Amino acid sequence: MWWKKKDEDIKIGFVAGLSGKYSALGISIRDGFTLAFDEIDYKINNKIVTIIQKDDKQDIKEAKKAIEYFIKNDTKLVVGNATSSMTAITFPIVNNQKDMLLISATASGSDFTAKDDNFLRIQVEHSVKRYRVVSEYIYNKGYKNIFFIYDSKNISYSKGYENIFQDMFVSNG
C-alpha cells in the first residue's frame, strides 16, 4: 500500500463534524467506518489499523487544524469531511501533499468535479441528470415558484444544487 512503509502498521485519519451542527452526519459516518474495522479486528494483512479521529466542528480553523495534524503525524490516508463546505477547505491542503489521499463518503458539491487531485468521493456529484426528473415533475404539477432554504455554512453543497436545479427548472419553461 502506497501510504505506509512496508513494515509499519496502518494509520488512517478520520475527520468530520462530531459535535455541533451536522454532528449526526459525522457520527453516523464515523460509526459505519469504525464498524467495518471492528469486523476485521482492526487488521489488514496482519497490520494493525489505527484510526485517528478529529472533530472539524464544522469550523474552518478546526478542519485545517485536523488536516495539519495528519500531515505532521505522517497520516497519509484520511477519511472525511462529512460536508462539502469542510471538504472544500481541506482538500486543497491534502492536494498539496504528493502522497496523501482524502476520501469522503458524503461530499457532493460541484466544486470537486473533473479535477486531477488527491480526493476521492463516494457520493455522486450534483448533475443535470439528477435534477432533470425532479424539475420535470415540478413543471408537470404546474408549480411556478420554488424557494430554496439552505445552510449558508455549507454553500459548496447548496449553491451547486440550487444552480443546477434552477437551470433545469427554467429550461422546462
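**Exercise 1. Place a residue**

In which helix is the place of I164? Then decide whether I164 is buried or exposed.

*Solution.* The model is predicted.
Step 1. Find the element. I164 sits in helix α5, residues 155-171.
Step 2. Check the accessibility. The relative accessible area of I164 is 15%. Buried means under 20%. So I164 is buried.
Step 3. Look for a partner along the chain. Y131 is 33 residues apart from I164 in sequence, and their C-alpha atoms are separated by 7.2 Å.

**Exercise 2. Describe the whole protein**

State how many helices and strands the protein has, and give their order.

*Solution.* Step 1. Count the elements. There are five helices and six strands.
Step 2. Read along the sequence. The pattern is β-α-β-β-α-β-α-β-β-α-α.
Step 3. Turn to burial. Of the 173 residues in the protein, 40% are buried.
Step 4. Turn to the surface. The accessible surface comes to about 10,300 Å². Carbon and sulfur atoms account for 52% of that surface.
Step 5. Turn to contacts. Take those between residues at least 6 apart in sequence: 60% of them join residues at least 24 apart.

**Exercise 3. Test the span of α1**

Find what span the 17 residues of α1 should have, and set it against the model. Then work out where the buried residues of α1 lie.

*Solution.* Step 1. Work out the expected span. The rule is 1.5 Å times one less than the number of residues. For the 17 residues of α1, this should give 24 Å.
Step 2. Compare. The end C-alpha atoms of α1 are 24 Å apart, which agrees.
Step 3. List the buried residues. In α1 they are S23, G26, I29, F33, T34 and F37.
Step 4. Look down the axis. The buried residues of α1 fall within an arc of 135°, so they line one face of the helix.
Step 5. Recall helix geometry. An α-helix has 3.6 residues a turn, so residues three or four places apart point the same way.
Step 6. Check the other side. There, A24, S28 and E39 are exposed.
Step 7. Name the neighbours. The buried residues of α1 pack against β1, β2 (43-44), β3 (47-55) and β4 (77-80).
Step 8. Look past the helix. D41 follows α1 and has a positive phi, near 55°.

**Exercise 4. Repeat the test on α2**

What span should the 13 residues of helix α2 have? Which residues of α2 are buried?

*Solution.* Step 1. Apply the rule to α2, residues 60-72. At 1.5 Å a residue, α2 should span 18 Å. Its end C-alpha atoms are 18 Å apart, which agrees.
Step 2. List the buried residues of α2. They are A63, A66, I67 and F70.
Step 3. Find their arc. These residues cover only 90° around the axis, which puts them on the same side of α2.
Step 4. Look at the face turned away from that side. It carries the exposed residues K61, K65 and K72.
Step 5. Find the cover. The buried residues of α2 are covered by elements including β1, β3, β4 and α3 (84-95).
Step 6. Move on to the loop between α2 and β4, where D74 lies. D74 has a relative accessible area of 36%, so it is partly exposed.
Step 7. Relate D74 to D99. They are 25 residues apart in sequence, and their C-alpha atoms are 9.9 Å apart.

**Exercise 5. Classify aromatic pairs**

How many aromatic pairs does a search of the whole structure find? Classify the pair F14 and F33, then the pair F33 and F37.

*Solution.* Step 1. Count. The search finds four aromatic pairs.
Step 2. Take F14 and F33. Their ring centres are 5.7 Å apart and their planes are at 20°. Planes under 30 degrees apart count as stacked. So this pair is stacked.
Step 3. Locate the partners. F14 is in strand β1 (residues 10-16) and F33 is in helix α1 (residues 23-39), so the pair ties together parts 19 residues apart in sequence. Both F14 and F33 are buried.
Step 4. Take F33 and F37. Here the distance is 5.3 Å centre to centre, with 75° between the planes. An angle over 60 degrees counts as edge-to-face, and this pair is edge-to-face.
Step 5. Locate this pair. F33 and F37 both lie in α1, four residues apart, about one turn of the helix.
Step 6. Check burial. F33 has 15% relative accessibility, so it counts as buried. F37, at 10%, is buried too.
Step 7. Group the rings. F14, F33, F37 and Y42 form one aromatic cluster.

Definitions and conventions. Residues are numbered from 1 along each chain as its sequence is written. This is a predicted model: local features need pLDDT of at least 70, side-chain atom pairs count only at pLDDT 80 or more; totals for chains, interfaces and linings use all residues. Side-chain values use heavy atoms; hydrogens and water are left out. Rings of Phe, Tyr and Trp (its six-membered ring) pair if their centres lie within 6.5 Å; planes under 30 degrees apart count as stacked, over 60 as edge-to-face and the rest as tilted. Helices (H or I, at least four residues) and strands (E, at least two) are DSSP runs, numbered from the N terminus. Buried means under 20% relative accessible area, exposed over 50%, partly exposed in between (1.4 Å probe, protein chains only). Contact means heavy atoms within 4.5 Å. Accessible areas come from the Shrake-Rupley method with a 1.4 Å probe; for residues, only the protein chains shown count as cover. The arc is that of the directions from the helix axis to the C-beta atoms.
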